[in-house]
Structures are given as C-alpha cells and as structure tokens.
Amino acid sequence: MKAATAHIDTQALAHNLSQIRLQAPNSKILAVVKANAYGHGLLDVAKSLTNVDAYGVARIEEALTLRAGGVVKPILLLEGFYASTDLPVLVTNNIHTVVHSIEQLEALEQADLDGPVRVWVKIDTGMHRLGLRPEQVPQFMQRLNDCNNVAKPLRFISHFGNADDLGSDITVKQIECFSTLTKPYEGERSLAASAGVLAWPDSHFEWIRPGIIMYGVSPFDQLDRMASSYNLQPVMTLTSSLIAVREVKKGEQVGYGGIWTSERDTKVGVIAIGYGDGYPRCAPNGTPVMVNGRIVPTAGRVSMDMLTVDLGPDATDKVGDEATLWGKGLPAEVVAQYTGVIAYELMTKLTPRVAMTYS
C-alpha cells in the first residue's frame, strides 16, 4: 500500500511533444520546466525531453540544477537575472537571460565579463507585467547592440495576457505589436506559450514555449477544450491508497467542522492524502476522486494527511485499494473546475513528501 505518489509517464511526455510539433512545425521548442517542471521533477523531465531545442526556467538555481545534472542545451532565464553578480555565472554556464529593465541593461554595460551573455529582449506588448514599453525599444536596442557584454544578434520575447480567451482582440493586438516592434531588427522571436501554441498560429514565430500542454493539461478553462481535445495525454497521475473503509449512518457528520452530513447509510473511504501533500484544502464536498475505475465524491473537509470520499452503500472497495486524485481517467482540468484551483497550481503545489515515480 502506497501513500501519495505522483506517477510520471515519460512516454506521454514524448507523445505530447510530438503533438506540439505538429501545431508549430516550423518553430524551435523552448520547453518550459520552471517550478520543478510544473511539479513533475525538474531534472528527470528535462533529461527525458531530449528532442527540444532549449529549456526555460524562472530562477538561476533551476538553471544550475540542470547544468549540474548534465543538461547541456541552452537554458533561458525567463525572468532574467536578479543581480549583477549573476552575470559571471551566466557566462560560465552558458545560460541565456531575458532582459526587461533598465537596471539589467546598466548591469550588463558595467560588468567585467569573460565573454558575452546571450540576451532575449523582453517587450511589453500589452500584459504590463515585465518588459520594455514600445517607445523604449529603439534606444534600448541601440545600447544593447553597443554593449560588448551582449552576444549578437539579440533575440526577442513577449508574453500574452489573454491568450486563453479565444475571443480576445487583445491577443491579436499583441501579435501585431510584437511583429511591428521586432521587424526592424535581426534576431529570432518568441511569443507563444501553451495557449498561443494551440490557438494562435500567427504567434508561433521562430520559437514557441510550451509549458502546461507538455504535461498533458489544457491552458483553457472550458471543459470542451481539455487536453484530450488536442490529443494530449496526462503525464502525471496522482494516486494514494484507501487506509480505512468505514460504515457511516444517515445523519452522521464526517471530518473537521462537520461540513458533510450523510444523507443515507453509506460507506466512507479514507484516503492517505491531504493538504500536507499539496491536495487543496479548499476542495468542496463532491470533488471527484477515482476509486476502482469509478468516480466518487469527496465527503468532508480535506485534512492535512487524509481526505474522505463517499464510496456508496453497496461499495466493495477495501483497504489498500488505489485512489486517483487526478491524471489518467480523471483529468486535472476537471478537478480544477470543482476546487477553483487551476490545474497549474494543483500540480506545482505538490509537497516533497509525495513520492515520484517515472516510467
């Protein structure tokens, strides 16, 4: 009997990558493996993604973990470097960096480095989070091109704010803005992350940056646009085991706060997983769990180490049987609809005590 375990299917990962290539056959792939590869295991996932052109991470520590683990392909810091002291580390380890601010530009201009840094210029095309405003681009580009610490040609990157809204005219405007601002310059470009890859082909440019779709989860909220609609397969299946099956009488309450009261005589299963493993405490009564091939509802508040499900009065489930919290047979997108916690967060919030297996 196993407690919380995330089973990572590397064949599904490879399958998803092949489907992504069909979506953008003329683009290079920068595989986004930040946040511990969306909870799937940074180094193991990167090593299995041999057929990509580069990797994207958020923090320099993630990049150094990849290098220490033997990954040699280009790695891009998607948030850029945080301090001037990072720059020699980038040069030594051949790590690319986004540059999105005047502070980063000045650090590059003032640094004494053993070689140039490969820079991706971040342009704010409408999300208004990071990046150069359009009117800043010409002067910024001049200074970067004049800087000996910057490898040439430069590359360009931006990020969508509403790409999951398929009726959004904001996305169209962002594509037009990015195309216009980068047209005068030599250098490869990247705009499309997961939603852009699937829904906005005009945004593919020379590089795409698949993230959540590599792991077999849709970036869209609509249940008619789940990952399976795009022939993507779940890479993570989160399971645990029944550690108790109990008789509960009609009118009895289960769990902290008594937020669930049984409407009938039934059997309740106790599963060894809780918010201490990263399962969301906010999951309401009725959130689906799969036990022995059928969907059963949660019953009562999620505890730190356990949750309970209503197995039904005629259940034959027994202690030791496996329960699936999301993955094969129960898409993470479905669980997300019930909990209000997006699938990205479900997977990235798994805690270290969840065992990881790879096959």
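Me: Which residues in helix H6 (residues 102-110) are buried?
Reply: The model is predicted. Buried means under 20% relative accessible area. In helix H6, the residues that count as buried are Gln104, Leu105, Ala107 and Leu108.

Me: Why are the buried residues of H6 on the same side of the helix?
Reply: An α-helix has 3.6 residues a turn, so residues three or four places apart point the same way. On the other side of H6, Glu103 and Gln110 are exposed. The buried residues Gln104, Leu105, Ala107 and Leu108 lie on the same side because they cover an arc of only 160° around the axis.

Me: Which elements do the buried residues of H6 pack against?
Reply: The buried residues are Gln104, Leu105, Ala107 and Leu108. Their packing partners are strands S5 (95-99) and S6 (119-122), and helices H5 (87-93) and H7 (137-146).

Me: Is Lys34 buried, partly exposed or exposed?
Reply: Lys34 is found in helix H2 (residues 34-39). Its relative accessibility is 32%, and the class between under 20% and over 50% is partly exposed. Lys34 therefore counts as partly exposed.

Me: Which residues does Tyr256 touch, not counting residues up to four places away in sequence?
Reply: Tyr256 lies in the loop between strand S11 (253-254) and strand S12 (260-261). At 58% relative accessibility, Tyr256 counts as exposed. With those sequence neighbours left out, Tyr256 touches Arg301 and Ser303.

Me: Which residues does the UniProt annotation "active site" cover?
Reply: The annotation comes from an unreviewed UniProt entry and covers Lys34 and Tyr256. They span 223 residues in sequence and their C-alpha atoms are 35.2 Å apart, so they do not all gather at one spot. Of these residues, the lining of the largest pocket includes Lys34. The annotated residues are Lys34 and Tyr256.

Technical notes
Residues are numbered from 1 along each chain as its sequence is written. This is a predicted model: local features need pLDDT of at least 70, side-chain atom pairs count only at pLDDT 80 or more; totals for chains, interfaces and linings use all residues. Side-chain values use heavy atoms; hydrogens and water are left out. UniProt positions are given in the numbering used here, feature names are shortened, and annotations may be inferred rather than shown by experiment. On a 1 Å grid over the protein atoms alone, a cavity is a set of points where a 1.4 Å probe fits but cannot get out, and a pocket is an open set with protein on both sides within 12 Å along at least five of seven lines; lining residues have an atom within 4 Å of a point. Helices (H or I, at least four residues) and strands (E, at least two) are DSSP runs, numbered from the N terminus. Buried means under 20% relative accessible area, exposed over 50%, partly exposed in between (1.4 Å probe, protein chains only). Contact means heavy atoms within 4.5 Å. The arc is that of the directions from the helix axis to the C-beta atoms.
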